[in-house]
Amino acid sequence: MELSHRTLSLSGHYRELTLRDLEPAVALQLFRQMLRLRRMEEALLAEYHPAEEMRCPIHFCIGQEAIPAALSGLLKADDFLFSHHRSHGYYFAKGAPLKELFAEIYGRSTGADAGNAGSQDISHSGSHFYSGAILSGAVSISVGAALGFQLRKTGQIAVAGFGEGATDEGAFWEAMNFSGKRRLPLLFVVENNRYATFSDQLKRQADDNICERVRPFGVRATKIFGNDAPLAHRTLEAEMKRLREGDGPALVEAYTYRWNSHVGPEDDSSNNYRAPGEMEFWKDNCPIVLLEERLRERGMLDDAAKADLEREIALEIAANFKFAKESPFPTVKDWHRMNFEDASPMADRLLGTASRGGFDPDQAESKLGPY
Ligand SMILES: Cc1ncc(C[n+]2csc(CCOP(=O)(O)OP(=O)(O)O)c2C)c(N)n1
Ligand SMILES: [Mg+2]
């Protein structure tokens, strides 16, 4: 049966997950990473209200842990990862420091972007991680990064992670065209969770067939059941190996589901956008539970080992909250340096004019001269 959200909603409990060729350490690490991400997101979600200390929108990724967990074991330190508004899983996947994620969403100066970006635009340049709220914006940037790697023959790869909603955008199709033509070392990872905000893919696109549509551009494409973490690991590993050998670009479409609202911890089910029985299907096929079943069957995990892991994760999360809450807020005197690099004289001139008052965007060019 062709994999799609329609066919998935007709199937029952997923039984195909297998550990066959996987090193036990890899399987356990996939489980550990998914549980870390799940518990982190649950804690942030629970803390959001009524504390009201995280003053930025957060798009939680509970239910979508398999892809980040798989990527986390495969990305190298000098690879670049670009992602979207639902950024935490990708930040986590790139191994960027989680205490700086917490501090960022608490708006503190010790945050990954000194408290200025919040959740959906967070980046960590030291980890080569960038996200952005403009749908498909980071996809375009990933093309530029991959072109740079190819031209300079650095051997690095770029990965762009985003939702199926990004494929509504023209920029996405330009990225397919250019990366396919140039055979860029670029991996596109689509987490197809069926909805863009409250809008079903089939209300926005003629069919649920992204893979089929990108192939004519020269982009190799594979679709998988995205809650099978070992399958995600195997698929991404094979594609990343080919990219490193110069055989790019590739796209992996992972069918998955977000359990929470589009944004924030509030329940958005009053919009009645989810299909009946769908949430039950996806909760029954939780990526963590599916892997845990196999690990227990194979004697690789028991109650005591899981309890140890839960304790270790709880301590890590508590330390991240403590770091964030004890950190200072950024100071306003830095604002000239907040957005622009020293290497941007045009921006510096605009900021200088603005700070002296009377900035008129229509007059900007004539006042400042050509830039
Ligand atoms: C260019 C642009 N248009 C519209 C939006 C508003 N917007 C934010 S998230 C979103 C839906 C994204 O859906 P998808 O890409 O599938 O990701 P998901 O939220 O499902 O993870 C939209 C339309 C935006 N951020 N950027
Ligand atoms: Mg989506």
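In this predicted model, ligand 1 is surrounded by 16 residues, of which His 85, Arg 86, Ala 133, Gly 165 and Asn 193 come nearest; a residue is counted as near if one of its heavy atoms lies within 4 Å of the molecule. The shell around ligand 1 consists of six nonpolar, seven polar and three charged residues. In this classification Ala, Val, Leu, Ile, Met, Phe, Trp, Tyr, Cys and Pro are nonpolar, Asp, Glu, Lys and Arg are charged, and the others, Gly among them, are polar. Residues are numbered from 1 along each chain as its sequence is written, and chains are lettered from A and ligands numbered from 1 in the order in which they are written. Local features need pLDDT of at least 70 and side-chain atom pairs count only at pLDDT 80 or more, while totals for chains, interfaces and linings use all residues; side-chain values use heavy atoms, with hydrogens and water left out.

Polar contacts (pairs of N or O atoms within 3.5 Å; within protein, one must be able to donate a hydrogen and the other to accept it, and residues adjacent in sequence count only if both atoms are side-chain atoms) involve both side chain and backbone. An N or O atom in the side chain of His 85 is 2.8 Å from an oxygen atom of ligand 1. A nitrogen atom of ligand 1 lies 2.7 Å from a backbone N or O atom of Ala 133, and an oxygen atom of the ligand lies 3.2 Å from a backbone N or O atom of Ala 166. On its own, ligand 1 has 580 Å² of accessible area, of which the protein covers 74% (Shrake-Rupley method, 1.4 Å probe; for residues, only the protein chains shown count as cover).

The magnesium ion (ligand 2) has the protein donors Glu 164 (OE), Asn 193 (OD1) and Tyr 195 (O), at 2.0 to 2.3 Å. Donors are N, O and S atoms within 2.8 Å of the metal (3.2 Å for Na, K and Ca); water is not among the atoms, so sites may look incomplete. The donor residues follow the spacing E-x28-N-x1-Y in sequence. Glu 164 is in the loop between strand 4 (158-163) and helix 7 (170-182) and Tyr 195 is in strand 6 (residues 195-196), so the pair ties together parts 31 residues apart in sequence. Helices (H or I, at least four residues) and strands (E, at least two) are DSSP runs, numbered from the N terminus.

Empty space was assigned on a 1 Å grid over the protein atoms alone: a cavity is a set of points where a 1.4 Å probe fits but cannot get out, and a pocket is an open set with protein on both sides within 12 Å along at least five of seven lines; lining residues have an atom within 4 Å of a point. Grid points are joined across faces, edges and corners, and a volume is the space filled by probe spheres set on the points. The largest pocket has a volume of about 260 Å³. Its lining comprises 14 residues, with Leu 3, Leu 8, Ser 11, Tyr 14 and Glu 16 nearest the centre. Helix 1 (5-9) and strand 8 (220-225) are the elements giving two or more residues to this lining.

Three cavities of 30 Å³ or more were counted. The largest cavity holds about 50 Å³ and is lined by His 5, Arg 6, Arg 194, Asp 200, Gln 201, Leu 202 and Asp 208.
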